[in-house]
Amino acid sequence: MTDHDHMRKALSLALKGKGFTSPNPCVGAVVVKNGVVIGRGWHQAAGMAHAEVEAIEDAQRNTPSNTEGATIYVTLEPCNHFGKTPPCTHKIINAGITRVVVGCKDPNPDVSGGGIQYLKENGIQVAGILEKESQALIEDFIWYTKRDKTPFVILKCASTLDGRIATSTGDSQWITNEKSRERVHRLRHEVDAILIGSGTLKADNPSLTSRIENTRTKDPIRIILDSKLSIDEKARVITQESNAGTIVVAGPKAPPEKKKALEKKGVQVLEVSLKKGRLDLGQLMIKLGRMSIQSLLIEGGGKVASAALKEGIVNKVLFFLAPKFLGGSDGVPVFDGKGPKKICDAFELKQMEVEMFDRDLLITGYLKDT
């Protein structure tokens, strides 16, 4: 097997931690000796051992000297500082490993390259491969770390071929198929928080949880845009059992008695300013970033989706297209509001990928570079 094969194995291991490690990035590692994988590991949760430690200890479980002269493949540059855990560089050196293959450097400018340099200074051979794949795995962490600590925002849309998310009566279940919906639930598990508007809440009374059969998942923090605090106190996002909390984002003139009633039910009410009569999403991103929310999924209706695009907060778009069309102009559109007057001003996706989920089509692309 080649270096690329072993790094791809490390990447697949890192995915096991996706959704559980925030505010840390997900990282995977494998230890290889004489061409054979002898240790595997991944970072399983914040505060727990890093991937390198897991892989080394796995390799040493029966024979402590097993890692002498071995190579370790790790998707992110090993840390060289004391945090909740000791430096991984020290663990690598003490294990007698002689070669380290790294996926990508740590995006933190204060420590980037420091781990690699320390390893080299201690006689360890260091190489780098599959950088783009390794960066894509932690794109939210990279954005948050390098861009003023604001969340990496994913906009999810799902529509018929003629761009409708519901009929004129509001019926929307189900436009996409079961496999597409499972992909969305997996995405909910992977992000820190999910956001919708009060209109979607009133129309659908959604749970906004992550539910995948026979799979352990983590629910995202639920964020509801509701400037006047019109939310029903019996809404599922408030009353259901969940391993995550709910935040309602209100305007400055929201009724204080309703705020107190929601807070008594365990809901956090977050106040932001209004901008042209709507909640200021730019200000909200700053506040969410200060709460260590690194990744945010927007699943709102047409008004929220349109506002998010116009405010320039969207990094990535996941657009599901079902092989259906309503054939009329009276359905509910994906985006609600005024668009640009010229095609040259249209939003355009970069780095596009296309996947099929049975007969549904998923188009993924970026509006911003990480």
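Me: Which element gives the most to the lining of the second largest pocket?
Reply: In this predicted model, α7 contributes the most, with five residues in the lining.

Me: Which other elements give two or more residues to that lining?
Reply: Besides α7 (178-190), the list holds the helices α1 (3-15), α5 (131-137) and α6 (139-146). The strands on it are β6 (152-159), β15 (316-321), β17 (350-357) and β18 (360-366).

Me: What is the volume of the second largest pocket, and which residues lie nearest its centre?
Reply: The volume is about 830 Å³. Of the 28 lining residues, Ala136, Glu139, Arg183, Glu190 and Lys316 lie nearest the centre.

Me: How does that lining divide into nonpolar, polar and charged?
Reply: The lining of the second largest pocket has twelve nonpolar, four polar and twelve charged residues.

Me: Now cavities. How many of 30 Å³ or more are there?
Reply: The search of the whole structure yields one. The largest cavity encloses about 120 Å³.

Me: What lines the largest cavity?
Reply: Its lining comprises 17 residues, and those nearest the centre are Lys18, Thr21, Ser22, Asn24 and Asp140. By class, seven of the lining residues are nonpolar, six polar and four charged.

Me: Ser22 is on that list. Which residue does serine 22 join through a cis peptide bond?
Reply: The partner is proline 23, and omega is about 10°. Proline 23 sits in the loop between α1 and β1 (28-33).

Me: Where is the cis bond that involves tryptophan 174?
Reply: That bond links glutamine 173 to tryptophan 174, with omega about -5°. Tryptophan 174 belongs to the loop between β7 (164-166) and α7. As background, most peptide bonds are trans.

Me: And phi: what is the value for asparagine 34, and for leucine 130?
Reply: Asparagine 34 has phi near 55°, positive although the residue is not glycine. Leucine 130, also not a glycine, has a positive phi of about 50°. Most residues other than glycine have a negative phi.

Me: Is asparagine 34 buried or exposed, and what about leucine 130?
Reply: Asparagine 34, in the loop between β1 and β2, counts as exposed because its relative accessibility is 74%, and the threshold is over 50%. Leucine 130, in the loop between β5 and α5, is buried because its relative accessible area is 11%, and the limit there is under 20%.

Me: What is the strand order in the open sheet of five strands?
Reply: The order is β2-β1-β3-β4-β5, and the pairing is mixed. At the edges are β2 (36-42) and β5 (125-128), each paired on one side only. Neighbouring strands are turned by 20° against each other on average, with direction ignored.

Me: In which sense do β4 and β5 pair?
Reply: Strand β4 (residues 99-104) pairs with β5 in the parallel sense, over four bridges. Within that pairing, valine 101 stands opposite alanine 127 of β5.

Me: How many disulfides are there?
Reply: The count is zero. Cysteine 26, for instance, is in none, because the nearest cysteine sulfur, that of cysteine 104, is 10 Å away, whereas a disulfide requires sulfur atoms within 2.5 Å.

Me: Are cysteine 26 and cysteine 344 buried or exposed?
Reply: Cysteine 26 is buried, at a relative accessible area of 4%. Cysteine 344 is exposed, at 66%.

Me: Last one: where does aspartate 330 lie?
Reply: Aspartate 330 is in the loop between β15 and β16 (332-333), and counts as exposed at 54% relative accessibility. From glycine 266 it is 64 residues away in sequence and 39 Å in space, C-alpha to C-alpha.

Notes: Residues are numbered from 1 along each chain as its sequence is written. This is a predicted model: local features need pLDDT of at least 70, side-chain atom pairs count only at pLDDT 80 or more; totals for chains, interfaces and linings use all residues. Side-chain values use heavy atoms; hydrogens and water are left out. On a 1 Å grid over the protein atoms alone, a cavity is a set of points where a 1.4 Å probe fits but cannot get out, and a pocket is an open set with protein on both sides within 12 Å along at least five of seven lines; lining residues have an atom within 4 Å of a point. Grid points are joined across faces, edges and corners, and a volume is the space filled by probe spheres set on the points. Ala, Val, Leu, Ile, Met, Phe, Trp, Tyr, Cys and Pro count as nonpolar, Asp, Glu, Lys and Arg as charged, and the others, Gly among them, as polar. Buried means under 20% relative accessible area, exposed over 50%, partly exposed in between (1.4 Å probe, protein chains only). Two strands pair if DSSP finds at least two bridges between them. Axes are lines fitted to C-alpha atoms, for helices over the stretch in contact, and angles run from 0 to 180 degrees between N-to-C directions.
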